[in-house]
Amino acid sequence: MSLAPPEADGPLLRERLRTARLYFVCEALPRGEEPEALLRAALSGGVDIVQLREKELGRDGVERSARTFRRLCDTYSALFIVNDDPHLAIACDADGVHLGQDDASVAEARALLGPDALIGHSTHSEEQISATAAEPVDYISVGPVWETPTKAGRPAVGLSLVKYAAKSASSPFFAIGGIDSSNAPEVIRAGARRLAAVRAIRDAADPAAAAGSLRHDLALVWESAPGG
């Protein structure tokens with residue numbers, strides 16, 4: 001059961017999404033270890049949203065880890081999202097679900113989760129970004145900006161799609177894919193105001209510092225456009 005207050009539903013969740021800057025995608029057992037230490041470090045470093053993305057572990061194991069994700073997100077006032085499966089989002093008491101292009105439709109997820117849940121959608125092209133304008137979606141991801149082993153086989157979209165999203169996306173968007181402290185400024189200059197990371201935080205020697213570095217890069221532009 002979530003420790004979040006009742007008023008965290010609906011409008012408050014969306015306000016927290018509006019001001020969110022840094023999104024961390026993490027397996028149920030990152031590097032084969034329990035997730036608590038990594039999540040605490042990431043959240044203390046400035047992560048606003050944590051997505052539980054697990055492709056290998058069985059359902060029981062995912063739900064077991066999800067209890068840690070939920071508890072720590074509540075502790076740090078972060079949003080908790082589950083990947084792919086709206087039924088799993090319900091079982092894990094998540095704030096919402098993030099859908100890929102081959103998952104259930106946004107409309108199906110909205111019908112199942114109701115009006116208060118957050119729904120994100122992955123996009124990889126101008127056409128997919130444009131299509132989200134007609135969907136009951138709360139945010140989108142745009143990428144992979146650079147090729148990444150977390151999305152093996154999917155070609156990089158480059159900075160041009162980030163620039164397109166900055167001009168055309170009707171929902172808040174998070175740039176994702178191979179982003180770390182060395183290239184985050186390029187992505188931000190292309191128009192991104194929100195970043196998502198996997199390896200840059202998960203595999204860092206100091207995950208809190210890695211998150212803090214990305215957060216610092218974002219703060220430089222958010223000071224002039226808070227909550228954009």
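1. Two strands are taken to pair if DSSP finds at least two bridges between them. With that in mind, β5 and β6 are a good place to start: these two strands pair in the parallel sense over four bridges, and S122 stands opposite S141 of β6. From β5 the chain crosses through helix α6 (residues 126–131) to β6, and this β-α-β crossover is right-handed. Right-handed here says that, with the strands pointing away from the viewer, the path from the first strand over the helix to the second runs clockwise.

2. A word on the ground rules. This is a predicted model, in which local features need pLDDT of at least 70 and side-chain atom pairs count only at pLDDT 80 or more, while totals for chains, interfaces and linings use all residues. Residues are numbered from 1 along each chain as its sequence is written, and side-chain values use heavy atoms, with hydrogens and water left out. Helices (H or I, at least four residues) and strands (E, at least two) are DSSP runs, numbered from the N terminus.

3. Let me move to β4 (residues 96–99), which is covered on both faces. G96 and H98 on one side are buried, as are V97 and L99 on the other; buried means under 20% relative accessible area, exposed means over 50%, and partly exposed lies in between (1.4 Å probe, protein chains only). In a regular strand the side chains alternate between the two faces of the sheet.

4. The neighbours of β4 are worth a look too. β3 (residues 79–83) pairs with β4 in the parallel sense over three bridges, and V82 stands opposite V97. β5 (residues 118–123) also runs parallel to β4, joined to it by four bridges, with L118 as the bridge partner of G96. Both connections are β-α-β units: β3, helix α4 (residues 86–91) and β4 make a right-handed one, and β4, helix α5 (residues 106–113) and β5 make a right-handed one.

5. If you want a single residue to click on in β4, I would suggest L99. L99 is buried, with a relative accessible area of 0%. Leaving aside neighbours within four places in sequence, its contacts (heavy atoms within 4.5 Å) include D84, P86, A104, V106, A109 and I119. G120 is another contact of L99; the two are 21 residues apart in sequence and 6.0 Å apart in space, C-alpha to C-alpha.

6. Back to β6 (residues 139–142), where both faces are covered as well: Y139 and S141 are buried on one side, and I140 and V142 on the other. β6 pairs with β7 in the parallel sense over three bridges, and I140 has F173 of β7 as its bridge partner. In the loop between β6 and α7 sits P144, and a cis peptide bond joins G143 to P144, with omega about 0°. I would check that bond by eye.

7. S171 belongs to the loop between α7 (158–168) and β7 (173–175). Is S171 buried or exposed? At 11% relative accessibility, S171 counts as buried. Not counting residues up to four places away in sequence, S171 touches V137, D138 and Y139. S171 and S105 are 66 residues apart in sequence and 17 Å apart in space, C-alpha to C-alpha.

8. Now for a helix pair. α2 (residues 36–44) and α3 (residues 59–75) pack at an angle of about 25°, with their axes 10 Å apart; axes are lines fitted to C-alpha atoms, for helices over the stretch in contact, and angles run from 0 to 180 degrees between N-to-C directions. That makes α2 roughly parallel to α3, a label used for angles under 35 degrees. The contact is made by E36, L39, R40 and L43 of α2 and by T68, F69, R71, L72 and C73 of α3. The buried residues of α2 are L38, L39, A41, A42 and L43.

9. Finally, some backbone angles. Phi of R31, in the loop between β1 (22–26) and α2, is near 55°, a positive value in a residue other than glycine. R31 is partly exposed, with a relative accessible area of 47%. S77, in the loop between α3 and β3, has a positive phi of about 55° although it is not a glycine, and S77 is exposed at 54% relative accessible area. Just after α2, G46 takes a positive phi of about 120°.

Definitions and conventions
Parallel < 35°, antiparallel > 145°, perpendicular 65-115°, else oblique.
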